[in-house]
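Student: Hi! I've got a new model open and would love to walk through it with you. Can you help me get my bearings?

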Amino acid sequence: EEKMMEINDDVILSFLKRRHYKQLQPLAALIDMDGTLYDSMGNHADAWHRLATELGITATREEFFMYEGRTGASTLNILFNRAYGRDATSEEIEQFYARKALYFTQMPSVKPMPGAMQMLDFFKEVNMRRVLVTGSGQRSLIDRLERDFPGAFTPDMMVTSRDVKCGKPHPEPFIKAMEMARVRPSQAIAIENAPLGVKSAFDAGAFTVAVTTGPIPREELVKAGAAIVFDSMPQCAEMLPQLVFKMFSLSIS
């Protein structure tokens, strides 16, 4: 049973010191999609694993959890370099990513992550701008957002794989999200569940909240730069009001 955590001031103070910020002023929430808003990572791992197997490329289902946040092109390049010692061509990327996306849509429909709606409602209540930051370009989930999370994101507040040159772990997706929300790094909170996404958000300067929603150990999330790690989305949603309140109240003189 998860216990109600007490958020330690040090979580915020050590982040401020690490980034040389005087204070945090959370005005925007930059939120990952797969594994954070949707319980979709198992299906993605299965779809990638099926594709790799068909291509005769050795891969484990587990490794795809570690690639979470990468663009489809970047994941294909990892597989192609392993098997053929080269990047995939743009034709191959288009063909095989479409096949992987098709396998994903053929699987049992994924459910919104428990606690995700509560989290989004809180951000809305306190008037924080919300930006979706996903490495995915799969319309099947992106198009469902409005149905599952009505009013949580407007179409102009989404960063997908189509909007960036460099995907996660590069900071570009989160830098772009901050520009959309018109905030400085010290005014942004990022919500992520995978090391590559955490690294991307941390390197962009955001206070990064990580949530363990899959098989990735929390140490990996801390190592990637997470300021705090929650054990589940419901726990994250529960603790956010306390965290945001502390952010506004603590500063380094």
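Student: Let's start with Leu-37. Which residues is Leu-37 in contact with, leaving aside neighbours within four places in sequence?

Tutor: Happy to help, and keep in mind that this is a predicted model. Leaving aside neighbours within four places in sequence, Leu-37 is in contact with Ile-31, Asp-32, Pro-112, Met-113, Ala-116, Met-119, Leu-120, Leu-132, Leu-145, Phe-149 and Phe-153.

Student: And which residues of the largest nonpolar core touch the most other members?

Tutor: Leu-37 is one of them, along with Met-119, Leu-145 and Phe-207. That core holds 69 residues. Helix H12, residues 233-249, gives the most to this core, with 8 residues.

Student: What about another core, apart from that one?

Tutor: There is another, of 17 residues, lying apart from the largest core. Ala-28, Val-133, Ala-177 and Val-183 are among its members.

Student: Okay, zooming out. How many helices and strands are in the protein chain?

Tutor: The chain has 12 helices and 6 strands. Its radius of gyration is 18 Å, close to the 18 Å that the globule rule gives for 253 residues, so the chain is as compact as a globular protein of that length. Along the principal axes, the C-alpha trace spans about 55 × 40 × 35 Å.

Student: What share of the residues is buried?

Tutor: Buried residues make up 57% of the 253. On the outside, the chain exposes about 11500 Å², and carbon and sulfur atoms supply 53% of that.

Student: And what share of the contacts is between residues 24 or more positions apart?

Tutor: Counting contacts with a separation of 6 or more, residues 24 or more positions apart account for 69%.

Student: Charges next. How far apart are the mean positions of the positive and negative ones?

Tutor: They are 4 Å apart, for 29 positive and 32 negative charges.

Student: Let's pick a helix. Is H10 mostly covered or mostly open?

Tutor: Mostly covered: H10 runs over residues 195-203, and 7 of its 9 residues are buried. Those are Pro-195, Leu-196, Gly-197, Val-198, Ser-200, Ala-201 and Phe-202.

Student: What do the buried residues of H10 pack against?

Tutor: They pack against four helices and two strands: H1 (9-19), H3 (63-66), H9 (172-181) and H11 (218-224), plus E4 (188-192) and E5 (207-211). Just after H10, Gly-205 takes a positive phi of about 100 degrees.

Student: Which residues other than glycine have a positive phi, for example?

Tutor: His-20 is one, with phi near 60 degrees. His-20 sits in the loop between H1 and strand E1 (28-31), and counts as exposed because its relative accessibility is 73%. Arg-182 is another, with phi near 55 degrees. Arg-182 lies in the loop between H9 and E4 and is exposed too, with a relative accessible area of 65%.

Student: Why single those out?

Tutor: Because most residues other than glycine have a negative phi, and most peptide bonds are trans.

Student: Where is there a cis peptide bond, then?

Tutor: Look at the step from Lys-168 to Pro-169, which is cis with omega near 10 degrees. Pro-169 is in the loop between strand E3 (158-159) and H9.

Student: While we're there, Ile-175 in H9: how far is that from Leu-196?

Tutor: Ile-175 and Leu-196 are 15 Å apart, C-alpha to C-alpha, and 21 residues apart in sequence. Ile-175 is in helix H9 and counts as partly exposed, at 36% relative accessibility.

Student: Last topic, helix H4. Is Thr-75 buried or exposed?

Tutor: Buried, because its relative accessibility is 3%. Thr-75 lies in H4, which covers residues 72-84. Beyond neighbours within four places in sequence, Thr-75 is in contact with Trp-48, Phe-64, Tyr-67 and Arg-70.

Student: And what does Tyr-84 contact?

Tutor: Tyr-84, also found in H4, is in contact with Leu-55 and Ile-57, leaving aside neighbours within four places in sequence. Tyr-84 and Ile-57 are 27 residues apart in sequence and 9.3 Å apart in space, C-alpha to C-alpha. Tyr-84 is partly exposed, with a relative accessible area of 42%.

Student: Great, thanks for the tour!

Definitions and conventions. Residues numbered from 1 in each chain as written. Predicted model: local features only at pLDDT ≥ 70, side-chain atom pairs only at ≥ 80, totals over all residues. Heavy atoms only, no water. Rg over C-alpha atoms; globule rule 2.2 N^0.38 Å. Buried < 20%, exposed > 50% of the residue type's maximum accessible area, 1.4 Å probe, protein only. Contact = heavy atoms within 4.5 Å. Areas by Shrake-Rupley, 256 points an atom, 1.4 Å probe, with all protein chains shown as cover. Lys, Arg positive; Asp, Glu negative; His and termini not counted. Charge placed at Lys NZ, Arg CZ, Asp CG, Glu CD. Core = buried A, V, L, I, M, F, W, Y, C linked by side-chain atoms within 4.5 Å.
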